[in-house]
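This briefing is intended for a reader meeting the structure for the first time. Please keep the sequence and the model in view while reading.

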Amino acid sequence: MDPTDIDWDALLSEAIDAMRHAYCPYSNFPVGAAGLTADGWLVSGCNVENAGYGVTLCAECGMVSDLIRSGGGALVAVVAVNGNEEPVAPCGRCRQLIYEHGGPSCMVLMPDGVAPMTEVLPGAFGPHDLADVAAGPTQASSNKKEGHDGSL
């Protein structure tokens with residue numbers, strides 16, 4: 001999808017609304033996230049902190065949960081905002097979540113502008129990596145491991 005076809009203002013507004021529902025008594029850093037699916041649905045989430053910091057949920061986690069709860073679909077655009085209503089970069093875990101549910105062409109509004117997931121998470125690990133292993137080794141990879149391709 002062309003980034004100019006996306007209503008970034010509407011997506012930003014949805015992320016701001018989600019941010020206002022954040023539960024962040026420890027960091028006081030509210031975050032909201034909103035995503036647009038390929039079939040036009042808006043999904044959103046906010047961060048939910050916990051006294052055990054390791055189980056805190058990022059806003060993007062809530063957004064992906066809303067995506068799955070509402071029937072799924074592929075994300076085509078994502079925005080996350082802070083308490084100042086400014087776009088923020090997703091953390092590493094959230095970049096992985098966005099990639100899993102949007103793929104390499106999903107667009108993300110970063111602090112410096114719109115970027116595809118290929119720039120936000122270069123060299124991403126995804127479902128294709130699992131499928132490659134599940135399919136089993138190919139003769140070419142078997143030959144390479146055994147040193148029969150002439151390059152070892």
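The points below treat the sheet, its hairpin and the packing of the helices. The model is predicted. At its centre of discussion stands an open sheet of five strands with mixed pairing, together with a helix that lies across the strands and a pair of packed helices.

**The sheet**
- The five strands follow the order β2-β1-β3-β4-β5.
- Strands β2 (42–46) and β5 (113–116) form the edges, each pairing on one side only.
- On average, neighbouring strands of this sheet are turned by 20° against each other, direction ignored.

**The β4–β5 hairpin**
- Strand β4 (residues 107–110) pairs with β5 in the antiparallel sense, over four bridges.
- Two residues lie between β4 and β5 in this hairpin.
- M107 has P116 of β5 as its bridge partner, and L109 stands opposite V114 in β5.

**Helix α1 and the sheet**
- Helix α1 (residues 8–19) lies across β1 (32–37), β2, β3 (75–81), β4 and β5.
- The angle between α1 and β3 is about 50°.

**Helices α2 and α3**
- Helix α2 (residues 59–69) packs against helix α3 (residues 92–102) with the axes 9 Å apart.
- Their angle is about 20°; since angles under 35 degrees count as roughly parallel, α2 and α3 are therefore roughly parallel to each other.
- The crossing of α2 and α3 is left-handed.
- E60, C61, M63, V64, L67 and I68 of α2 make the contact with R93, C94, L97, I98 and H101 of α3.
- By class, this contact of α2 with α3 comprises eight nonpolar, one polar and two charged residues.

Note on methods: Residues numbered from 1 in each chain as written. Predicted model: local features only at pLDDT ≥ 70, side-chain atom pairs only at ≥ 80, totals over all residues. Heavy atoms only, no water. Pairing = 2+ DSSP bridges. Axes fitted to C-alpha atoms, helices over the stretch in contact; angles between N-to-C directions. Contact = heavy atoms within 4.5 Å. Parallel < 35°, antiparallel > 145°, perpendicular 65-115°, else oblique. Left-handed = near helix turned anticlockwise from the far one by under 90°. Nonpolar A, V, L, I, M, F, W, Y, C, P; charged D, E, K, R; others polar.
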